[in-house]
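Let's walk through this one piece by piece. Keep the sequence and the 3D view side by side as you read.

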Amino acid sequence: MATNITFHPGNVTHAERCSFLRAQTGATLWLTGLSASGKSTIATALEQYLLHRGLHAYRLDGDNIRFGLNKDLGFSQKDREENIRRIGEVSLLFADSASLCVTSFISPYAADRELARKLHTSHKPALPFIEIFVDASLAECERRDPKGLYAKVRKGEIKSFTGISEDAPYERPQKPEIHIDADKTSVEDAVKVIAHYLIEKGIIKA
Ligand code: ADP
C-alpha cells in the first residue's frame, strides 16, 4: 500500500497540470481544410509523432465525435455549427488538462473557427489555439478523392458539398498560425513544420 499520498487541497491549476507532465503545455491544434486535403492523414501522423516523443496527445475526428458525442447531429447549417461548437468545447477541456488535442474537421466557416478560438483565448488562463490550414487545391482534392465523394458530387448524388456547392462555401482562414501547402508538402514535412512551431512557442520541449 502506498503511504506517501499527498492530498492536494483545492483545484489543481492548469500550470500545475502542465508542470506534472514536464515536457508540454496544453494546446489545441485545429486542422481545417477541404475534404480530402489531408487533415486526417496529417493529424494521425502528428498524434503518433507526439506520442512517440512521450507526450500526451489525443486526436478528435469524425470517427470518435460524429458516432458518439455528436451522433444526434446532421449536416444542416445549424447542426454543422453545433458540431464545431461542441468540438471547440471538448478540445478546450483536453487543452486545459495539459494534453495536446489535435482536431481534424473541415470546419468551413470562419465564424465557427473564431468561436472555438475565443473559447481558448478567453479561458483563464488563456490556452493556445493553433489554427493549421491544410491548404490543398480543389483540383488536388478531387484527384485524391479517397472516399469517392467528389465523384458522387459531380454525378449529382450529393447535393450540398463544401467547396463545390454554392450553399456550402469553404471560408479560407485569413491568418492561420500555420499554413501548409498541401498540394506540394509531404505528410512527414507537414508534421515537421508543426513540431517546429510547437517547439518554437515552448508548447513542447525540443
Ligand atoms: P481529409 O481528412 O482532409 O478529408 P485525408 O487525410 O483523408 O483528407 O486525405 C485524403 C487523401 O490524400 C488520402 O488518400 C491521403 O493518403 C492523401 N494525402 C493526404 N495528405 C497528403 C499529402 N500531403 N500529399 C499527398 N497525399 C496526401
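Buried means under 20% relative accessible area, exposed means over 50%, and partly exposed is what falls in between (1.4 Å probe, protein chains only). By that yardstick Ser 76 is partly exposed, with a relative accessible area of 38%. You'll find Ser 76 in the loop between α3 (62-69) and α4 (77-96); helices here are DSSP runs of H or I with at least four residues, strands are runs of E with at least two, and both are numbered from the N terminus. Ser 76 sits 37 residues from Lys 39 in sequence and 22 Å from Lys 39 in space, C-alpha to C-alpha.

A quick word on ground rules: this is a predicted model, so local features need pLDDT of at least 70 and side-chain atom pairs count only at pLDDT 80 or more, while totals for chains, interfaces and linings use all residues. Residues are numbered from 1 along each chain as its sequence is written, and side-chain values use heavy atoms, with hydrogens and water left out.

Now go to Lys 39, where helix α2 (residues 39-52) begins. α2 has 14 residues and reaches 20 Å from its first C-alpha to its last, close to the 20 Å expected at 1.5 Å a residue (the expected span being 1.5 Å times one less than the number of residues). Which residues of α2 are buried? They are Lys 39, Ile 42, Ala 43, Leu 46, Glu 47 and Leu 50. They cover an arc of only 135° around the axis, which puts them on the same side of α2; the arc is taken from the directions from the helix axis to the C-beta atoms. Their cover includes β1 (27-32), β2 (57-61), β3 (100-104), β4 (129-135) and α8 (187-200). Just after α2, Gly 54 takes a positive phi of about 80°.

Since α8 is part of that cover, let's look at α8 next. At 1.5 Å a residue its 14 residues should span 20 Å, and the end C-alpha atoms are 20 Å apart, which agrees. Buried here are Ala 190, Val 191, Ile 194, Ala 195, Tyr 197 and Leu 198. These cover an arc of only 160° around the axis, so they lie on the same side of α8. On the other side, Glu 188, Lys 192, His 196 and Glu 200 are exposed. What covers the buried residues of α8 includes β1, α2, β4 and β5 (178-181). Gly 202, with a positive phi near 75°, follows α8.

Next, the ligand. It is surrounded by 13 residues, the closest being Ala 36, Lys 39, Ser 40, Thr 41 and Thr 185 (near means a heavy atom within 4 Å). A backbone N or O atom of Gly 38 lies 3.0 Å from a ligand oxygen atom. A ligand nitrogen atom is 2.7 Å from a polar backbone atom of Thr 185. The protein covers 72% of the 560 Å² of accessible area that the ligand has on its own (Shrake-Rupley method, 1.4 Å probe).

Last stop: strand β2, where Asp 61 is found. Is Asp 61 buried or exposed? At 8% relative accessibility, Asp 61 counts as buried. Not counting residues up to four places away in sequence, Asp 61 touches Arg 66, Ser 104 and Phe 105, with contact meaning heavy atoms within 4.5 Å.

Note on methods. A polar contact is a pair of N or O atoms within 3.5 Å; within protein, one must be able to donate a hydrogen and the other to accept it, and residues adjacent in sequence count only if both atoms are side-chain atoms.
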